[in-house]
Amino acid sequence: MPASPAASPALSAGSPMDLRLAIDGLHCAACVARVEKAIAAVPGVESVVVNLATHEASVSPPRADLAAIQKSVADVGYTARPIAADEWLTNPTAVVDSEDEPWSPELKAHFRQLIVAGLLTLPVMIISMADLMFPGRDWLLWALSTPVVFWCGAPFFVGAWKNLRRGTADMNTLIALGTGTAYCASVAALLFPRMMQPILPELHSTTGQSGANHVAMPPVYFEAAVTITFFVLLGRLLEERARGRTSQAIRRLMGLQARSATVVRDGVEQQVPIQEVRVGDLVVVKPGERVPADGTVVDGRSRVDESMLTGEPLPVEKTAGAALVGGTLNRAGSLRFRADKVGADTVLAHIVQLVRNAQGSKAPIARLADLVSAWFVPAVLLISLLTFLGWWWLGPAPDAFRMALTCGISVLIIACPCALGLATPAAIMVGTGRGAELGVLIKTGAALETTCQVQTIVLDKTGTITTGKPSVVEAILVPTVSSPEASRRFTRRELLHAVAQAELRSEHPLGEAIVGTARQMGLTLSDPAEFESYPGLGVEAVVPLPTGPVRVLAGNALLLSQRGIACESLAVESRRMAELGQTAVHVALDGVPAGVIGIADPIKPEAAAAISRLQQLGLDVIMLTGDNEQTAQAVARQVGLKEVWAGVLPAGKAARIAERQKQGRKVAMVGDGVNDAPALAQADVGIAMGTGTDVALDAADITLLRGDLGGVVTAFELSRQTMRTIRQNLFFAFIYNILAIPLAAGALYPLLKLLLSPMIASAVMAMESASVVTNSLRLKRFAPTPLPVINPAPLPESSPSTPRPVAASNSLPVVTS
């Protein structure tokens with residue numbers, strides 16, 4: 001039977017994780033492009049993705065030469081350090097504390113610099129904007145501005161100097177040039193006024209005590225230098241705070257990890273740090289404590305809150321033999337369980353890793369921003385230089401140099417490569433984090449983008465539309481025309497007994513249903529001999545009965561036909577069962593048709609509403625099943641589906657997906673079984689139910705922690721909302737730079753006599769990158785559309801509405817022909 005969500009080990013499987021590196025010194029998209037290029041040049045590196053929002057790099061393969069990568073990154077002015085996959089597990093306290101204390105040491109340092117810059121910038125602004133004149137005015141401005149520019153703004157100059165040594169440029173270069181030019185021009189005007197007089201017109205004058213000495217003072221731009229520094233620092237602080245909020249979802253997941261555990265060693269209960277729990281340990285969980293590892297209950301009785309995994313608000317009862325998942329909360333009662341998986345092997349750890357990988361990935365839509373970012377800073381430097389020279393040459397006298405300086409600095413400052421770099425990763429971080437909170441694990445940014453483009457969605461019937469927990473509702477003996485006495489040698493009870501033993505080694509849900517029913521009837525089952533399974537067809541085996549061994553052939557009509565067994569006598573009952581939405585298992589005993597077993601798989605309560613919502617989203621919804629056409633159509637009618645692919649064998653599922661793709665359609669596949677894995681891999685987007693097998697989940701691009709179709713609706717709505725946010729961010733970033741740079745260059749001056757002040761330019765630039773992250777944070781409020789209750793369409797009136805389950809008694813329903 002499919003594993004329950006709590007017991008599902010599916011998330012523990014997967015390909016080797018990429019090498020993850022923390023990159024220090026990233027500030028803009030140009031930094032990202034430079035680091036990616038440096039790492040990609042290291043021999044042995046196959047792919048690399050650098051994320052500006054997380055300041056991390058993911059490098060494949062994981063065994064790439066770390067020392068060579070670190071050296072290559074250092075050569076371009078940054079530092080890289082490896083991040084262990086289970087680093088957060090070794091110090092869960094720090095993770096939890098980071099949620100309550102979001103101010104990192106780096107952020108605190110930036111805040112101190114901002115406060116000092118604000119306190120010193122305020123008097124400079126008042127004196128300059130109010131045009132206050134007094135002896136020593138410009139010297140005071142110089143004294144107040146110097147610590148702002150060179151202490152508060154030190155990171156800009158240090159970064160620019162590193163870039164200069166390597167012949168590169170980034171946002172630090174733009175800011176350092178802007179503030180440095182304004183500061184140096186002001187100092188030169190203050191120290192050498194007569195030398196600067198030819199190029200800077202008189203702004204104000206100072207007069208000696210006798211009134212005879214008149215010294216013309218060129219203008220100073222200290223207020224521009226300090227204001228730019230202050231607003232850029234403010235923008236970075238807001239951006240870093242906002243970036244920190246984008247990772248709150250994954251920090252909350254990490255915070256679910258218990259900090260310590262009570263283990264029984266040598267018969268004594270001991271409190272140990274979580275990292276000291278070992279596989280096989282006997283662990284005690286008391287009321288109110290979080291389960292520290294994955295395991296199996298040995299003794300005790302309690303109710304456990306598994307909402308972090310399944311989303312179900314009601315606690316689940318746990319007794320001996322039940323599975324426990326680390327991170328879930330024990331509500332009442334004490335439990336003892338055997339630790340099966342600990343540390344990085346737990347379901348929680350793999351959920352965290354999946355979310356991290358998704359947040360560190362890059363969506364294809366980011367390629368345009370990457371392409372522009374590679375040339376952005378050099379282009380801005382060139383535009384700034386041309387703007388300065390153009391206004392100095394063509395500007396109106398005597399203000400030509402001042403206008404040239406103002407416009408040149410404004411172009412440097414207003415350009416915002418940060419917004420381009422953050423547009424995609426910030427939205428992906430928040431979107432995938434919100435998805436994890438809703439039980440939807442999206443593996444990559446590419447999967448997120450492709451989901452938004454899907455036009456057709458194919459739903460596997462068993463375990464997706466239906467519960468995947470079928471039960472036997474009928475068992476019918478059908479004597480054959482050629483040998484009516486052959487089948488009468490067996491009773492219905494013996495028929496079910498024989499098939500149940502034949503299915504004992506089968507992992508198919510229908511076989512498990514027959515075995516379960518037989519056991520409920522008290523039948524003793526023995527291992528079959530000569531067992532053979534035929535995927536998509538059925539099974540064949542020799543089983544013991546009180547009357548002697550019997551060769552059993554159980555499956556669909558095609559299996560019997562391939563064995564040369566005529567099954568016309570079974571067709572009437574098979575069709576009747578199909579009209580009821582039942583799956584008919586054809587049975588031949590000793591080579592003679594003997595009967596039909598009817599199995600019904602209940603439709604999930606939310607299936608009809610979820611399918612209706614998917615259709616409202618403009619998707620073509622198709623049901624895929626190995627059942628015959630009549631059974632499939634009966635189920636399809638109940639959930640409102642018009643297109644059905646019936647009678648498709650496991651090997652043919654991927655082929656049917658490929659056929660639809662050849663028609664130019666983007667196809668998503670939803671399934672949960674081993675035989676769904678090829679189709680999930682073939683589809684443009686594979687979506688696996690969290691209650692499914694490891695193989696299916698490995699092949700999927702999206703994993704649903706809960707086993708209901710509402711998660712599929714959530715995945716599509718979330719992907720569309722996230723992509724909408726990314727497009728908004730890119731639009732804002734591009735349109736901002738396209739409009740702001742010409743405006744800063746003085747494009748409005750010929751018509752309106754307006755110039756953009758560098759101070760205003762710095763304020764606008766500071767707000768732009770923060771606004772992109774803030775827009776992405778709106779995804780934290782995403783809520784999927786509530787699904788209304790839609791009752792399945794009724795079956796035909798001539799059919800029984802509720803067949804009586806076989807297991808209700810030891811006798812089977814009597815239906816003969």
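Within helix H23 (residues 568-579) of this predicted model, Arg576 and Glu573 sit 3 residues apart, so about one helical turn separates them. That spacing fits a general pattern: an α-helix has 3.6 residues a turn, so residues three or four places apart point the same way. The two side chains do pair up, with a salt bridge whose closest N and O atoms are 2.9 Å apart. Their surroundings can be told apart by accessibility: Arg576 counts as partly exposed at 27%, whereas Glu573 is buried at 9%.

That pair belongs to a wider set of charge contacts, since a search of the whole structure turns up 21 salt bridges, and side chains of opposite charge can pair when their charged atoms come close. Arg301 and Glu317 make one such bridge, with 2.2 Å between the closest N and O atoms. This one ties together distant parts of the chain: Arg301 is in the loop between E10 and strand E11 (302-305), while Glu317 is in strand E12 (residues 316-318), 16 residues apart. Arg301 is exposed, with a relative accessibility of 55%, and Glu317 is partly exposed at 37%.

Strand E11 also supplies a bridge of its own. Asp305 pairs with Arg331, the closest N and O atoms lying 2.8 Å apart. Here again distant parts of the chain are linked, with Asp305 in strand E11 and Arg331 in strand E14 (residues 329-332), 26 residues apart. The acid is the buried partner, as Asp305 has a relative accessible area of 10%, while Arg331 is partly exposed at 45%. Elsewhere, the bridging goes beyond simple pairs: Glu530, Glu540, Arg551 and Arg563 are joined in a network of salt bridges.

Not every charged side chain gets a partner. Lys604, in the loop between strand E23 (592-600) and helix H24 (607-616), is buried yet has no salt bridge. The nearest side chain of opposite charge belongs to Glu606, and it is 4.9 Å away, which puts it outside the 4 Å cut-off, so the pair does not count. What does Lys604 touch, leaving out residues up to four places away in sequence? The list runs to Gly463, Thr464, Ile465, Thr466, Thr467, Met689, Gly707 and Asp708.

On to the strands. An open sheet of 6 strands is arranged in the order E8-E7-E9-E15-E10-E13, with antiparallel pairing. Strand E8 (268-273) and strand E13 (323-324) form its edges; each has a single partner strand, so one side of each is left without a neighbour in the sheet. Inside that order, strand E10 (residues 294-300) pairs with strand E15 (residues 335-341) in the antiparallel sense over 6 bridges, and Gly295 stands opposite Ala339 in E15. In general terms, strands of a sheet pair through backbone hydrogen bonds, either parallel or antiparallel.

A hairpin can be picked out earlier in the chain. Strand E2 (residues 47-51) and strand E3 (residues 56-60) run antiparallel and are joined by 5 bridges, with Val48 finding its bridge partner in Val59 of E3. The hairpin has 4 residues between the strands, and His55 takes a positive phi near 60°.

Back with the helices, H20 (residues 492-502) is largely enclosed by the rest of the structure, because 10 of its 11 residues are buried. Among them are Arg492, Glu494 and His497, alongside Leu495, Leu496 and Val499. Helix H5 (residues 105-129) holds Gln113, another buried polar residue, at 11% relative accessible area. Leaving aside neighbours within four places in sequence, Gln113 is in contact with Trp151, Cys152, Pro155 and Leu233. The C-alpha atoms of Gln113 and Ala154 are 9.6 Å apart, although their positions lie 41 residues apart along the chain.Cysteines and overall totals round off the picture. The disulfide count comes to 0. Two of the cysteines, Cys31 and Cys407, are buried, each with a relative accessible area of 0%. For the protein chain as a whole, there are 31 helices and 28 strands, and buried residues make up 54% of the 817 residues. Of the contacts between residues at least 6 apart in sequence, 71% join residues at least 24 apart. The exposed area is about 34,000 Å², with carbon and sulfur atoms supplying 59% of it.

Note on methods. Residues numbered from 1 in each chain as written. Predicted model: local features only at pLDDT ≥ 70, side-chain atom pairs only at ≥ 80, totals over all residues. Heavy atoms only, no water. Helix = DSSP H or I, 4+ residues; strand = E, 2+ residues; numbered from the N terminus. Buried < 20%, exposed > 50% of the residue type's maximum accessible area, 1.4 Å probe, protein only. Contact = heavy atoms within 4.5 Å. Areas by Shrake-Rupley, 256 points an atom, 1.4 Å probe, with all protein chains shown as cover. Pairing = 2+ DSSP bridges. Disulfide = S-S within 2.5 Å. Lys, Arg positive; Asp, Glu negative; His and termini not counted.
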